[in-house]
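Here are a few exercises to work through with the model open beside you. Try each task before you read its solution.

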Amino acid sequence: MAAARLVARSVLARARLGRGQKLALNSSQGPLTSMNKKYLHTSLVQRDEFMEQARIEKEQQEKERMNLDNEEEIKNDLLDAALEEVLSYGWNKSAVVAAVTKLGHPTVVAGLVGVEEVVLHHIRKSNKQLDEWMVEEVARLTAEGGKLPIGKFVRSCVVQRLSMNIPYLETGLWAQGLALLAQPAWAVAGVGLGQEVCDDIWYRAGDTSADYNWYTKRVSLGVVMAATEVFMVQDTSDGFKDTWDFLDRRLEDLAMIPTLTKVPGDVAGMVEGFFQTAKILIKLSV
């Protein structure tokens, strides 16, 4: 009996120990499961909040981009319209305001454009039109497999580009436009567009030089174009004949006609000539 009781007690003790361990295990698993659920819920909420914030930011960025695109479109339309109004009002804010009214925008929109920007727009637009013309001209001159007459082509490009200023020259307005770009704040942009058109002309002419001639050709052509443009402002001859004669003499001075193979190497001298031309432009505003 005693032995039996001992065995029974041992079994009961083991049973109690097993139940205790199971209860302890269950009690320990219970709080962990609850914490895991809470953590999972918090993570899901945070993820949803993050995704919502990202969606809002994306919509805001898209809206800002659309607003910028719309503003740029309005500005380009305004610049085009202002160029037309310049012929009546001159290079001043009145031309911009007239353009705004013509387009049906509130007068406050006139603040998007400065007068100097209108001058730059004319130059930039003319450079683009010239490039389109050059593509067609090169195709025409080489249609039957002939070699492009580079000297003749370059001269034609200069005449074509400067002729785009004639509407403003005939109304006596181009000198004012040049004077606006001679201001220190705008001179860099003006010179940059001048370099751009010279580069375009030589590119369309097939220039492949990779040495100092690459620079001298563009600088020398820029000086010739700037000097001819200044002369053109003061030219009163029929059809600007004196201007084109002046251009021919300057091209001959630089030995650019007929082969364009002899390009002056004195870059410093040509740059100095360019700045002398800029000084003349400034005097035009006095």
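The exercises below deal with a pocket, some aromatic rings and two single residues.

This is a predicted model, in which local features need pLDDT of at least 70, side-chain atom pairs count only at pLDDT 80 or more, and totals for chains, interfaces and linings use all residues. Residues are numbered from 1 along each chain as its sequence is written, and side-chain values use heavy atoms, with hydrogens and water left out.

**Exercise 1.** Find which helices supply at least two residues each to the lining of the second largest pocket.

Solution. Start with the term: on a 1 Å grid over the protein atoms alone, a pocket is an open set of points where a 1.4 Å probe fits, with protein on both sides within 12 Å along at least five of seven lines, and lining residues have an atom within 4 Å of a point. Next, list the lining: Asp-80, Leu-83, Glu-84, Leu-87, His-122, Lys-125, Ser-126, Gln-129, Met-164, Pro-167 and Tyr-168. Now place them on the helices (DSSP runs of H or I, at least four residues, numbered from the N terminus): α1 (2-89), α3 (115-141) and α5 (166-170) each give at least two. By class, the lining has 5 nonpolar, 3 polar and 3 charged residues. The space in this pocket is about 170 Å³, where volume is the space filled by probe spheres set on the grid points.

**Exercise 2.** Decide how the ring pair of Tyr-168 and Trp-174 should be classed.

Solution. Rings of Phe, Tyr and Trp (its six-membered ring) pair if their centres lie within 6.5 Å; planes under 30 degrees apart are stacked, over 60 edge-to-face, and the rest tilted. This rule gives 5 aromatic pairs. For Tyr-168 and Trp-174, the centres are 6.2 Å apart and the planes at 35°, so the pair is tilted. Both Tyr-168 and Trp-174 are buried (under 20% relative accessible area, with a 1.4 Å probe and protein chains only). Finally, ring pairs join Trp-91, Tyr-168 and Trp-174 in a cluster.

**Exercise 3.** Work out where Phe-240 is placed and whether Phe-240 counts as buried or exposed.

Solution. Phe-240 belongs to the loop between α8 (213-233) and α9 (241-253). Its phi is near 60°, a positive value in a residue other than glycine. With 10% relative accessibility, Phe-240 counts as buried.

**Exercise 4.** Identify the backbone oxygen that lies 2.7 Å from a side-chain polar atom of Thr-228.

Solution. Locate Thr-228 in helix α8. Thr-228 has 0% relative accessibility and therefore counts as buried. The backbone oxygen in question is that of Val-224.

Methods: Nonpolar A, V, L, I, M, F, W, Y, C, P; charged D, E, K, R; others polar. Buried < 20%, exposed > 50% of the residue type's maximum accessible area, 1.4 Å probe, protein only. Polar contact = N/O pair within 3.5 Å; in protein donor to acceptor, adjacent residues only side chain to side chain.
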